[in-house]
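Here are some short exercises to work through with the model open beside you. Try each task before you read its solution.

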Amino acid sequence: MNKNILGLVMIGIAMLTVQSVFGQGTKEDYDRANNLRQLIKGKALGLTSNIVWIDSASTVFYSSTTATGKQFIIANSKQHIKKPAFDHQNVADQLSVLSGVHAKAADLPLTELAYSMERKRLTFVAYEKGWELDFSTEKVEENKALTERLKKGKNYWGSRTKDVQDRKTFSPDSQWIAYIKNYNVYIQRRKGDDKEVQLSFDGSAGEYYDAWMSWSPDSKKLVAAKVRKNEDHTLYLIESSPEEQLQPKLQTRDYLKPGDALPQRTPALFLVEEQKVIAMPAALIENQYDLSFPTWHKDSRSFTVEYNQRGHQRYQIIEMDGQTGVAKVLVDERSKTFIDYSGKKYRYDVADGKEIIWASERDGWNHLYLYDGLSGKVKNQITKGEWVVRKVVHVDEKARQIIFAASGREKGQDPYLIQYCRINFDGTGMAVLTRENANHEGTFSPNHGLFVDQYSRVDLPPKACIRDALTGKILMDLEEANIQPLSVTGWKMPEVFTAKGRDGITDIWGIIVRPTNFDLTRQYPVIEYIYAGPHSSFVPKNFQTLVPYGAQELAELGFIVVQMDGMGTSNRSKAFHDVCWKNLKDAGFPDRIAWMKAAAEKYPYMDLNRVGIYGTSAGGQSSAGALLFHPDFYKVAVSSCGCHDNRMDKMWWNEQWMGYPIGPHYTESSNVENAYRLQGKLMLIVGELDDNVDPSSTLQVVNALIKANKNFDFLMVPGMGHSSGGDFGEHKRRDYFVKHLLGIEPPAW
């Protein structure tokens, strides 16, 4: 045998021997990954959740993990007292009898908690039913109304409000009924023999008046919208293996896609006494993506609608005078790229619309502005700086102050960490209520005088306390986590890592997850979990015993798993976000690759010659796209339920970022159109009943890959909706990376 060949064979045998001794992709690694969740369960003590205020002044209800299980606690910040909220065994015994399921006192599965201060009762969900607990008697009863709501389940996300013709709308003074007849608006007095009065005469089957109408508070005016209907777009799904019958079933969903026609609505003002109608000028509201339901001012002087022009580059508040019908624009928000109406829109009317608090990214960062609600002029910018407002918590009109959540304001901190602040309407008196270098989650009391602050980082165990919402002063410490029992198991916190992005200037933040048996002397393939949807940012910021999406379990098989937020995602500057516009295939990849190269330079055991990637939904699009557009870096991908062609996915999400009208840029970002570029190993996973992303989006990639004579793997899961593949898909994903990144045949199932 050739000496060189013999040498290579011996090296290969040696590598296999090392792997078998130290373990990468072995059955022992799989067992450790599968048992990890059970191993660490209950080992982190003092983790708080289920925060519910039970009065406005001082008292809060919460749960905490203890050495003996989960305990529900009541704390009073005035008296500095903590005590069990109830007799846990007593509540467990009652639940066991009432539900027919054995309830454990140390692990009561209470979720969706709420407290009624009037009735002094805690409502919660357990064992798929609604319940309520009377604190004074500790008696548990079924809340049948809540149980019924649970049975109904959640509405399909894509359902649009249907225009109706048979609805009656009663005036506030109860004197009038408004309704639709023969596509037109009619009114009639509720009492007496008065005949019906026809207010409109131009309604027809093609352009009709919608029966969802809005009376003015003084009952003298009525607004109805004349609608030009669009055609529905139906998504067809075949359930191949229904449990209740042998033959497959056809399911359908309403599912508008980019480019589909949308209904156009024209508000019409009806003056009841004059029997006069004034329509809002069509030119003012042309090419609507959406027009909101009219909102009357309390004094009936006018109503407003919010107009989102299709393409999301113009968003306006339009006011129509309640007597003259004159319409004017109060707020005119414009962008050369997109307005993030779905994630950042905020409006608050002060003093019945005399002023308006409005959120905008017009200066490059998401901030609050104060408008004169009568003239439409900006009075002042309330918040400003190279940081972002993440959420408005409370507007105090009397004190003219705002409590809000912000991120990126504290220098030297991760710019995604949330801090709470208070500011005056005029932009003065800025007070930071939380400053600890952590991500803060505030639960405010009903009067917003206090808040429970739970703060942590993915690499910092949490603390919980009660703070004064005016000053931020800590009034009472609640819990401080103890992770020593967790650490004994070998568990390790992820590492927060930051590096420069594509421009060499902007910081990109992410995490590194290592296996519990990490060995500094070994080489580890790197696997990225990706979700690059522009609607938010996604790297975990709170402490978690297990990072989501199976990252830690995957690491246990002998990998380094990473996650980062690249350009094109939200919660940074507008310029950072705008990278996604008409270019979802970018997915922040230049930043991600630069980040991993920087990490590997610091940690040479990260083997960037073996890089994998996985993701679901938008992450499914990006993970497959990694092999199409960046095959020099990424070698193996598992893509689940991907929106592989943005023309095939839901309208709202894709037009928000890819724009309207549909153009060549949609084709350029399509994994279907670019399937011929495939290099590396690709597995596609899809659920046959996915009604979030059309399963045909994945099947069209399959079709294109077959036509291009590309080798790939494909798994369709019967009966499954929008998912990463369930337990079966998770097992297949792990095996795929073990086989193609470690070069090992996975253990037999």
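**Exercise 1.** How many bridges join strand 42 to strand 43, and do the strands run parallel or antiparallel?

*Solution.* A little background comes first. This is a predicted model, where local features need pLDDT of at least 70, side-chain atom pairs count only at pLDDT 80 or more, and totals for chains, interfaces and linings use all residues. Residues are numbered from 1 along each chain as its sequence is written, and side-chain values use heavy atoms, leaving out hydrogens and water.

Step 1: find strand 42 (residues 636-640) and strand 43 (residues 681-687); strands are DSSP E runs of at least two residues, and helices are H or I runs of at least four, numbered from the N terminus.
Step 2: five bridges join these strands, which run parallel.
Step 3: check one bridge, where Ser639 has Leu684 in strand 43 as its partner.

**Exercise 2.** Place strands 42 and 43 in their open sheet.

*Solution.* Step 1: the eight strands follow the order 37-38-40-39-41-42-43-44, with mixed pairing (two strands pair if DSSP finds at least two bridges between them).
Step 2: strand 37 (495-500) and strand 44 (713-717) are the edges, each pairing on one side only.

**Exercise 3.** Which residues of helix 2 meet helix 14?

*Solution.* Step 1: look for contacts, meaning heavy atoms within 4.5 Å.
Step 2: Tyr30, Ala33 and Asn34 of helix 2 meet His731, Arg734, Asp735 and Val738 of helix 14.
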